[in-house]
Amino acid sequence: MRLRLRRRRPDPLVCREFVELVTEYLDGALPREERLRLEAHLAACDGCDAYLEDFRVIVRTLKQTPPPPADPHTRETLLRAFRELRAA
């Protein structure tokens, strides 16, 4: 985590907007102008910069986490449905 001293106070409206758009930002799905505006905000806001880093850690962790095992009842229900579909 990098700590930087900021000269101006970040706009809380932009902070809320950043939180709403962080996944689109990370996916590269924001229009160029919007991305540049949010990057300018990141350069001035330690809170959003830290939030972005935390979000990146969460995404990496989720990608490394194996999916939970299938619920036995759900598994049997699906297998039965597939067998019936094949038999039809």
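This text walks through a predicted model of one protein chain, from its overall layout to a few single residues.

The chain contains four helices and zero strands. Read from the N terminus, the order of its elements is α-α-α-α. The chain has 88 residues, and 17% of them count as buried. Contacts can also be sorted by how far apart their partners lie in the sequence. Taking contacts between residues at least 6 apart in sequence, 67% join residues that are at least 24 apart.

Next comes the interior. The largest nonpolar core is made of twelve residues: V14, C15, F18, L21, V22, Y25, L30, L38, L42, C45, C48 and L52. At least two residues of this core come from each of helix 1 (12–27), helix 2 (32–44) and helix 3 (46–64). Helix 1 provides the largest share, with six residues. One member of the core, V14, can be followed outward to its partners. When neighbours within four places in sequence are set aside, V14 touches R37, L38 and H41. Of these partners, L38 is listed in the core as well.

How two helices meet can be put into numbers. Two packed helices are described by the angle between their axes and by the distance between those axes. For helix 2 and helix 3, the axes come within 6 Å and cross at roughly 110 degrees. Angles of 65 to 115 degrees count as roughly perpendicular, and helix 2 and helix 3 are therefore roughly perpendicular to each other. On the side of helix 2, the contact is made by H41, L42 and A44, while helix 3 contributes D46, C48, D49 and L52. By type, the residues of this contact divide into four nonpolar, one polar and two charged. The contact also shares residues with the core, including L42, C48 and L52.

Helix 4 covers residues 72–87. Is it well covered or hardly covered? Helix 4 is hardly covered, as the count of buried residues among its 16 residues is zero. Its length can be checked by simple arithmetic. At 1.5 Å a residue, helix 4 should span 22 Å, and its end C-alpha atoms are 22 Å apart, so the two values agree.

Finally, consider a single residue of helix 1, E24. Its relative accessibility is 36%, which is why E24 counts as partly exposed. Apart from neighbours within four places in sequence, E24 is in contact with A29 and L30. L30 belongs to the largest nonpolar core. E24 can also be compared with R35: the two are eleven residues apart in sequence, and their C-alpha atoms are 9.4 Å apart in space.

Technical notes. Residues are numbered from 1 along each chain as its sequence is written. This is a predicted model: local features need pLDDT of at least 70, side-chain atom pairs count only at pLDDT 80 or more; totals for chains, interfaces and linings use all residues. Side-chain values use heavy atoms; hydrogens and water are left out. A nonpolar core is a set of buried Ala, Val, Leu, Ile, Met, Phe, Trp, Tyr and Cys residues joined through side-chain atoms within 4.5 Å. Buried means under 20% relative accessible area, exposed over 50%, partly exposed in between (1.4 Å probe, protein chains only). Contact means heavy atoms within 4.5 Å. Axes are lines fitted to C-alpha atoms, for helices over the stretch in contact, and angles run from 0 to 180 degrees between N-to-C directions. Angles under 35 degrees count as roughly parallel, over 145 as roughly antiparallel, 65 to 115 as roughly perpendicular and the rest as oblique. Ala, Val, Leu, Ile, Met, Phe, Trp, Tyr, Cys and Pro count as nonpolar, Asp, Glu, Lys and Arg as charged, and the others, Gly among them, as polar. The expected span of a helix is 1.5 Å times one less than its number of residues.
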